[in-house]
Protein chains: 2
Amino acid sequence: MDAAELSRMFKALSDPGRLRLLSLIASHEGGEACVCDLIGPFDVSQPTVSHHLKVLREAGPVGSERRGTWVYYWVLPEALAKLSALLQTPAVPAKVSG
Amino acid sequence: MDAAELSRMFKALSDPGRLRLLSLIASHEGGEACVCDLIGPFDVSQPTVSHHLKVLREAGPVGSERRGTWVYYWVLPEALAKLSALLQTPAVPAKVSG
DNA sequence: CGGCTGTATCGACAGTCGTCGATACAGAAT
DNA sequence: ATTCTGTATCGACGACTGTCGATACAGCCG
């Protein structure tokens with residue numbers, strides 16, 4: 001994991017809406033939510049929600065799958081754990097600086 | 001810590017240059033570095049480095065102090081630890097969603 | 001004081017981001 | 001097949017970001 005990939009992950013988390021999406025997904029029943037569950041709670045349009053979900057998906061911290069009509073999203077704790085570990089260390093360690 | 005403040009922290013970490021700055025500061029002798037130590041290793045100009053340092057300072061994860069001619073920067077592990085803790089939990093917990 | 005060095009701010013510019021409405025695609029039901 | 005609903009993509013727009021050169025500010029040294 002280099003600085004570029006790291007920064008991509010952080011960038012995905014740098015939008016309040018995406019943080020709330022992540023939270024909403026994680027706290028949803030069964031640990032997953034379909035897009036239709038995520039559109040209601042937000043003031044933004046459906047395309048915008050879809051866009052944010054795409055950003056999260058491509059950055060790493062969520063997975064998704066189509067099941068018939070609906071598309072479900074869930075949080076990938078491993079991806080978040082990696083970031084967490086990096087922040088815990090003596091502060092962004094040699095892996096990044098090298 | 002609400003979603004807006006969280007996102008500000010993440011945004012500060014969402015630039016590869018700032019991540020490397022953070023790493024450089026943390027790994028520097030004594031845990032702190034003056035700006036002059038940070039300009040050399042980068043391809044960007046001094047004003048740009050200064051700008052990134054300001055972003056980091058205002059977002060939280062670094063502190064700074066002028067000592068005579070030089071200005072020193074150091075990492076604030078507590079700020080990073082907060083983020084780390086949030087990412088560790090069942091994934092961006094109730095504090096954010098509420 | 002005047003000049004020198006380290007750092008910050010300013011103004012400008014290109015590029016990216018979040019957002020939207022319109023539209024296309026996917027699957028289910030009739 | 002047609003139609004309906006859920007989701008994704010497209011094209012466009014304003015706002016923000018990273019970057020720079022020029023310049024201002026701060027502190028040291030003659």
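A residue is taken to be near a DNA strand if one of its heavy atoms lies within 4 Å of that strand. In the predicted model examined here, this criterion describes the surroundings of DNA strands C and D, which are considered in turn before the packing of helices between chains A and B.

Around DNA strand C there are 25 residues, of which A:Arg18, A:Ser45, A:His52, B:Cys36 and B:Tyr73 come nearest. Of the atoms of strand C within 4 Å of the protein, 73% belong to sugar or phosphate, and the rest belong to bases. Several polar contacts involve phosphate oxygens of this strand. A polar backbone atom of B:Cys36 is placed 2.7 Å from one phosphate oxygen of strand C. For B:Tyr73, a polar side-chain atom lies 2.7 Å from a phosphate oxygen of strand C, and for B:Ser50 the corresponding separation, again from a polar side-chain atom, is 2.9 Å. At least two residues of the surface near strand C are supplied by each of α4 (46–59) of chain A and α3 (35–39), α4 (46–59) and β3 (70–75) of chain B. By class, this surface has nine nonpolar, nine polar and seven charged residues.

DNA strand D is likewise surrounded by 25 residues, and those that come nearest are A:Gln46, A:Tyr73, B:Ser45, B:Thr48 and B:His52. Of the atoms of strand D that come within 4 Å of the protein, sugar and phosphate account for 72%. In chain A, polar backbone atoms of A:Val35 and A:Val71 are found 3.4 Å and 3.5 Å, respectively, from a phosphate oxygen of strand D. In chain B, an N or O atom in the side chain of B:Arg18 is 2.8 Å from a phosphate oxygen of strand D. Two or more residues of the surface near strand D come from each of α3 (35–39), α4 and β3 (70–75) of chain A and α4 of chain B. The class composition of the surface near strand D is nine nonpolar, nine polar and seven charged residues.

Packing between the two protein chains involves helix α2 (residues 16–27) of chain A and helix α1 (residues 3–12) of chain B, whose axes are 8 Å apart and form an angle of about 110°. Because angles of 65 to 115 degrees count as roughly perpendicular, α2(A) is described as roughly perpendicular to α1(B). The crossing of these helices, α2(A) and α1(B), is right-handed. On the α2(A) side, A:Pro16, A:Leu19 and A:Arg20 meet B:Ala3, B:Ala4, B:Leu6, B:Ser7 and B:Phe10 of α1(B). By class, the contact of α2(A) with α1(B) comprises six nonpolar residues, one polar residue and one charged residue.

Technical notes
Residues numbered from 1 in each chain as written. Chains lettered and ligands numbered in written order. Predicted model: local features only at pLDDT ≥ 70, side-chain atom pairs only at ≥ 80, totals over all residues. Heavy atoms only, no water. Axes fitted to C-alpha atoms, helices over the stretch in contact; angles between N-to-C directions. Helix = DSSP H or I, 4+ residues; strand = E, 2+ residues; numbered from the N terminus. Parallel < 35°, antiparallel > 145°, perpendicular 65-115°, else oblique. Left-handed = near helix turned anticlockwise from the far one by under 90°. Contact = heavy atoms within 4.5 Å. Nonpolar A, V, L, I, M, F, W, Y, C, P; charged D, E, K, R; others polar. Polar contact = N/O pair within 3.5 Å; in protein donor to acceptor, adjacent residues only side chain to side chain.
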